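Work through the exercises below with the structure open beside you. Try each task before reading its solution.

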Amino acid sequence: MSLPDTWRAARVPVAGLHLDSAACSRQSNAVIDAAATHARHEAEVGGYVAGEAAVPALDAGRAAVRALAGMPDAEVIFTTGSNHALDLLLSSWTGPRTVACPPGEYGPNLVIMAANGFEVRTLPVDELGRLRVDEAAAVLEADPPALVHLTVLGSHRGVAQPLAELVPVCRSLGLPLVVDAAQGLGHVDCAVGADVLYSSSRKWVAGPRGVGALAVRPELYGRLTPRWAPMELHEANISSRLGFSLALGEHLAVGPELVRARLAEVGRLTRTVLADIPGWEVVEPVDEPTAITTLRPTQGSEPTPVRATLIAEHCIVTTACEVARAPGEMAGPVLRVSPHVDVEAAELELFAEALVAVT
């Protein structure tokens with residue numbers, strides 16, 4: 001079977017049309033079963049005994065994170081998600097508290113940076129919000145921050161950042177590079193050897209909600225005062241961590257390159273189908289190699305009620321992105337469309353018709 005057919009066959013039939021993988025993808029039946037099986041095992045033998053039995057599978061999940069991050073020797077800590085991972089990292093940092101990032105940084109990340117006492121400096125970008133690497137290198141060299149933070153793919157716009165080009169810049173300047181891969185893991189190539197990478201499970205890797213990972217190179221790990229407990233199996237949702245580990249394994253088994261190529265194809269198809277909808281403007285270039293498409297209203301439509309109506313009247317799930325997602329870059333709310341590898345052209349046409357109908 002083709003990748004789209006294989007991916008769809010591995011899951012329960014969708015109730016309607018799911019165009020919201022950037023928020024929460026659909027887990028495979030095997031991932032759901034892995035989590036449920038562990039919960040039953042806890043009931044049979046006790047939570048801590050079952051947790052100890054799960055260690056090899058959890059170690060395999062950590063190895064998968066290292067592979068996808070291009071960090072073979074990293075310390076990998078399971079978290080409850082991306083926000084938790086960033087908070088753990090920044091609150092464990094012992095050096096000066098300055099961080100440089102593009103102006104389109106994810107709003108909740110900015111809140112976490114501020115809560116941990118970090119001064120945020122902005123880096124130069126182009127009209128799409130993509131980092132201008134050469135200009136950024138000059139800025140970083142002139143006034144080095146303690147950390148450089150790059151969200152490789154934003155929540156509000158499907159524009160991939162030049163992560164691979166930034167890595168050697170930061171390395172040459174001796175600046176630790178922290179990568180938010182919440183939208184990037186399993187979507188774009190993140191295996192370029194940053195110093196820190198963190199992500200959630202529930203987006204493009206299609207794992208359970210409520211779990212994520214933080215990967216830190218040993219050299220940087222030694223500069224932290226860790227806030228996470230050394231006894232990692234205590235008070236942890238092992239079922240979700242096992243589901244995440246299996247989802248990572250499924251992704252690696254299919255082939256990250258194949259998934260990335262299909263998601264880029266999905267993005268081109270989506271933007272082509274949605275290019276001429278009255279009252280909406282596609283933000284990304286048609287060939288942007290991501291599957292996130294954002295629609296900017298041009299005739300006064302409000303994305304939040306439009307999203308609600310699409311669900312209520314058409315069983316179509318999308319995301320309404322408010323300005324708080326990227327307060328330094330967004331001028332107004334947008335509607336985000338993020339199908340996974342299994343989407344068909346006919347489904348996108350159906351969405352286009354529904355969007356015209358509700359607006």
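## Exercise 1: the open sheet

Task: find the order of the four strands in the open sheet, and say which strands stand at the edges.

Solution. Four antiparallel strands make up an open sheet, ordered β9-β10-β13-β12. β9 (280-282) and β12 (319-321) each have a single partner strand, so one side of each lacks a neighbour in the sheet. These two are the edges. From one strand to the next, the twist averages 35°.

Some ground rules apply. This is a predicted model, in which local features need pLDDT of at least 70 and side-chain atom pairs count only at pLDDT 80 or more, while totals for chains, interfaces and linings use all residues. Residues are numbered from 1 along each chain as its sequence is written, and side-chain values use heavy atoms, leaving out hydrogens and water. Strands (E, at least two residues) and helices (H or I, at least four) are DSSP runs, numbered from the N terminus. Two strands pair if DSSP finds at least two bridges between them.

## Exercise 2: inside the sheet

Task: say how many bridges join β10 to β13, and which helix lies across the sheet strands.

Solution. Start with β10 (residues 293-297) and β13 (residues 334-337): three bridges join them, and they run antiparallel. Next, locate T294; R336 in β13 stands opposite. Now add helix α12 (residues 303-314), which lies across β9, β10, β12 and β13. Helix α12 runs at about 40° to β13. Axes are lines fitted to C-alpha atoms, for helices over the stretch in contact (heavy atoms within 4.5 Å). Angles run from 0 to 180 degrees between N-to-C directions.

## Exercise 3: K203

Task: is K203 buried or exposed, and what does K203 touch?

Solution. First, place K203 in the loop between β7 (196-200) and β8 (212-216). Its relative accessibility is 9%, so K203 counts as buried. Buried means under 20% relative accessible area, exposed over 50%, partly exposed in between (1.4 Å probe, protein chains only). Leaving out residues up to four places away in sequence, K203 touches S21, A22, A23, S25, A182 and Q183. Last, check the record: an unreviewed UniProt entry annotates K203 as "modified residue: N6-(pyridoxal phosphate)lysine". UniProt positions follow the numbering used here, feature names are shortened, and annotations may be inferred rather than shown by experiment.

## Exercise 4: N116

Task: find where N116 sits and which residues N116 contacts.

Solution. N116 lies in the loop between α6 (107-115) and β4 (119-122). N116 counts as buried because its relative accessibility is 12%. Beyond neighbours within four places in sequence, N116 contacts D87, L90, S91 and R97.
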